[in-house]
Amino acid sequence: MLDISEDGRTWVLSGPASSYAVHVTDRDELLHLHWGARIGLADAEALAVRPLPDYWPFESPLDGREEYPVEGGPRFTRPALSVRTGERRGTEWTYEGHDTEDGELRLRFRDGDLAITLHYRMRSATDVVERWVTLDNHGPAVEVLRADSATWTLPDRDAWRLSQLHGRWGAESRLERSALTHGEKVIGSRRGHTGHQHLPWVALDTDATEEHGEVYGCALGWSGSWRIAVAQLPDARVQITGGAGYDDSGLLMLGTGESYTTPVFAGLFSDGGHGGASRAWHAYQRTYVIPDADQDRPVLFNSWEATEFDISEEQQRALAERAAAMGVELFVVDDGWFGARTSDRAGLGDWTPNPDRFPGGLKPLAEHVHGLGMQFGIWVEPEMVNPDSDLYRAHPDWVQYQPGRKRTEFRNQLVLNLAREDVQEYLWERLDGLLSSAPVDYVKWDFNRCFTDAGWPDDPYPQRLWVDHVHALYGLLDRLRAAHPGVAFESCSGGGGRIDLGVLGRTDQVWTSDNTDPLDRLAIQHGFSQIHPARVMAAWVTDSPNAMLNQRASSLRFRFVSAMAGVLGVGGDLTKWTERELAEARDWVELYKEIRPVVQHGDLYRLRPPEGGLSAVQYALGDETVVLAWLQAQRYGEPVPALRLRGLDPSASYECLETGEVHRGAVLLHHGLRVGLRGDLDATVVRLRRK
């Protein structure tokens, strides 16, 4: 809902439980008025007439109160917008007016020939505010040094606490909460992709628990380099500024008649604690971000850990037959099917099936997989090239590089300059042809190295490749999805290196981490769930001991229940599993299919975090409730505590589908549920249905 004052200078956007209000003064200053619990237009107008503080000249009355600080003028805070021409730098804008369309509010400003539009949208039935900015240049060239999507201003509070997700390869999405001190906390990526080190999300609270208290969160929808700065200003006000690009060295050059639209920086206020904020983020993404989010994601098998590069059509057929017997619904051939790809040293860029390994191409294997009742998928890494490849030998100038400098190789590969139109067209032709040549249902799209030598010698403004690469990626995904609407895509970047609202708007799921150890995954999945829903969180059951990282042994039960917290997959070498293991796995897959609608589409409640001992999550959808619990450690045979459930009707009765026991909702809410875990039963699934 959008309310506008009679003078057209105060605006209030409202959702089910919150409001967001801004005001333009007579001096064309755009001030932030309110973000929090719902208010009315009259409340916002009362806030708008409050005078700004009268500071000494060492502080600015605008700092901490402006909605979108620009560079220049009486300001000292970090600018969200920094531009320069050949004559001047900074912005001195005037307000031109506003307009609305389909619930979107646009506030229009102008600085000479540069038009600046601030966009706001609060979609139906959500408290998420979407914000972004458009720059339109009607004069000589303008260099955009920085154009953040939004600046968020928090209300006056004492002792803010910052939540963020940090990590590295194999240990992504680790939740960290710490006191916010004066100064700036800056997170981001200068690597050309979202990065393993931070997810572009922050949350702030003062005293919130999992289910109670006020939480403010912000998430950026951008899959390239990015930056979010959280600043506690000298007067204790807090502002959060974020957008594309890590530094201010130059984002792009806007020529005459050109425009630039920033990615969306979304914000959310919740008074339901961290869990309530997470559920609101999940519902928003399932409704407005993720393609076809109402559809269940299938159980998949991926061949990588079973075969690595040593693959053949015969071997893949054998794995497919075992996977189908287990109940798998999607069979994926990972790296090694194309070009001269017998190791990671060659073949990237040559997207045609290896004739020795697949003499008839991929079509015979795909048809065999379909005949087994499964969908068929492949792995690709289109943005990369090996120097040992036909593509690189033909077009060495197609990669990112700095003239006169050695071309850095990570994993024996270089990054294609996707900002080039000829590279875009080459990839479109190869991928469209690939998806047309065989009945492919799924593409795992990987990105296995960061930008290093991000140069473009032939371009007059080479810095633009940082932004244009991402736009080209989005355009390529959009074009492929339109041409092949039955194909699903997964975003992967050596695990969780490209997960954000931008790529989630174009992919059906994401690969959470290359770390498939089920115990490590509990902490990774706990952090991931702070912002993103189980519907997109791919998780695999692999072999034990975990050969890739830590050699930890774990039961098949623990591995399955851990992976069932998201989109279930299997990645072990099935030819080495015993008949007993295959039979047990078949039962787990069957159980997952029964609980899948609740897990992938239900509301998530984090009952106990993975901090040792008992850990548990709960999903609720309609009359169905599913609890997944893990006993990570047990000391001295102490009893496992009861799990107090959430989101139930206290006046209703609930039947446990495994035992037939009937529980009162009030008892489950206040006294909890015993899950019967012990040392030899280290994980379990409990299903409840309202009677």
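**Barrel, helices and sheet: a walk through the model**

Helix 4 (residues 313–326) lies across three strands: strand 22 (300–302), strand 23 (330–333) and strand 31 (567–570). The helix runs at about 155° to strand 23. This is a predicted model.

Those three strands belong to a closed barrel. The barrel has 8 strands, in the order 22-23-24-27-28-29-30-31, and the pairing is parallel. From one strand to the next, the twist averages 30°. Take one pairing as an example. Strand 27 (residues 442–445) and strand 28 (residues 488–491) run parallel and are joined by 4 bridges. Within this pairing, Lys-444 stands opposite Glu-490 of strand 28.

Next come the helix pairs. Two packed helices are described by the angle between their axes and by the distance between those axes. Helix 7 (residues 421–437) packs against helix 8 (residues 465–483) at an angle of about 30°. Their axes are 11 Å apart. Angles under 35 degrees count as roughly parallel, so helix 7 and helix 8 are roughly parallel to each other. Their crossing is right-handed. Which residues of helix 7 meet helix 8? They are Gln-424, Glu-425, Leu-427, Trp-428, Leu-431, Asp-432 and Leu-435. Helix 8 answers with Ala-472, Leu-476, Arg-479, Leu-480 and Ala-483. The residues of this contact between helix 7 and helix 8 divide into 8 nonpolar, 1 polar and 3 charged.

A second pair is formed by helix 11 (residues 556–563) and helix 12 (residues 579–601). The packing angle is about 25°, and the axes are 11 Å apart. Helix 11 and helix 12 are therefore roughly parallel to each other. The crossing of helix 11 and helix 12 is right-handed. Helix 11 contributes Leu-556, Arg-557, Phe-560 and Val-561 to the contact. From helix 12 come Glu-581, Glu-584, Ala-585, Trp-588 and Val-589. The residues of the contact between helix 11 and helix 12 divide into 6 nonpolar, no polar and 3 charged.

The loop leading to helix 11 deserves a look. Pro-545 sits in the loop between strand 30 (537–541) and helix 11. A cis peptide bond joins Ser-544 to Pro-545, with omega about 0°. Another backbone feature is found at Asp-28, in the loop between strand 3 (18–24) and strand 4 (30–37). Asp-28 is not a glycine, yet its phi is positive, at about 65°. Most residues other than glycine have a negative phi, and most peptide bonds are trans.

Now the open sheet. It has 6 strands in the order 32-33-34-37-35-36, with antiparallel pairing. Strand 32 (603–608) and strand 36 (662–664) are the edge strands, each pairing on one side only. Neighbouring strands of the sheet are turned by 25° against each other on average, direction ignored. At one edge, strand 35 (residues 653–656) pairs with strand 36 in the antiparallel sense over 3 bridges. Ser-653 has Arg-664 of strand 36 as its bridge partner.

Last, the aromatic rings. How many aromatic pairs does a search of the whole structure find? It finds 27. One of them is the edge-to-face pair of Trp-160 and Tyr-216, 5.9 Å centre to centre with 75° between the planes. This pair links distant parts of the chain, 56 residues apart. Trp-160 lies in the loop between strand 11 (150–153) and strand 12 (161–166), whereas Tyr-216 is in strand 16 (residues 215–220).

Methods: Residues numbered from 1 in each chain as written. Predicted model: local features only at pLDDT ≥ 70, side-chain atom pairs only at ≥ 80, totals over all residues. Heavy atoms only, no water. Pairing = 2+ DSSP bridges. Helix = DSSP H or I, 4+ residues; strand = E, 2+ residues; numbered from the N terminus. Axes fitted to C-alpha atoms, helices over the stretch in contact; angles between N-to-C directions. Contact = heavy atoms within 4.5 Å. Parallel < 35°, antiparallel > 145°, perpendicular 65-115°, else oblique. Left-handed = near helix turned anticlockwise from the far one by under 90°. Nonpolar A, V, L, I, M, F, W, Y, C, P; charged D, E, K, R; others polar. Phe/Tyr/Trp six-rings, centres within 6.5 Å; stacked < 30°, edge-to-face > 60°.
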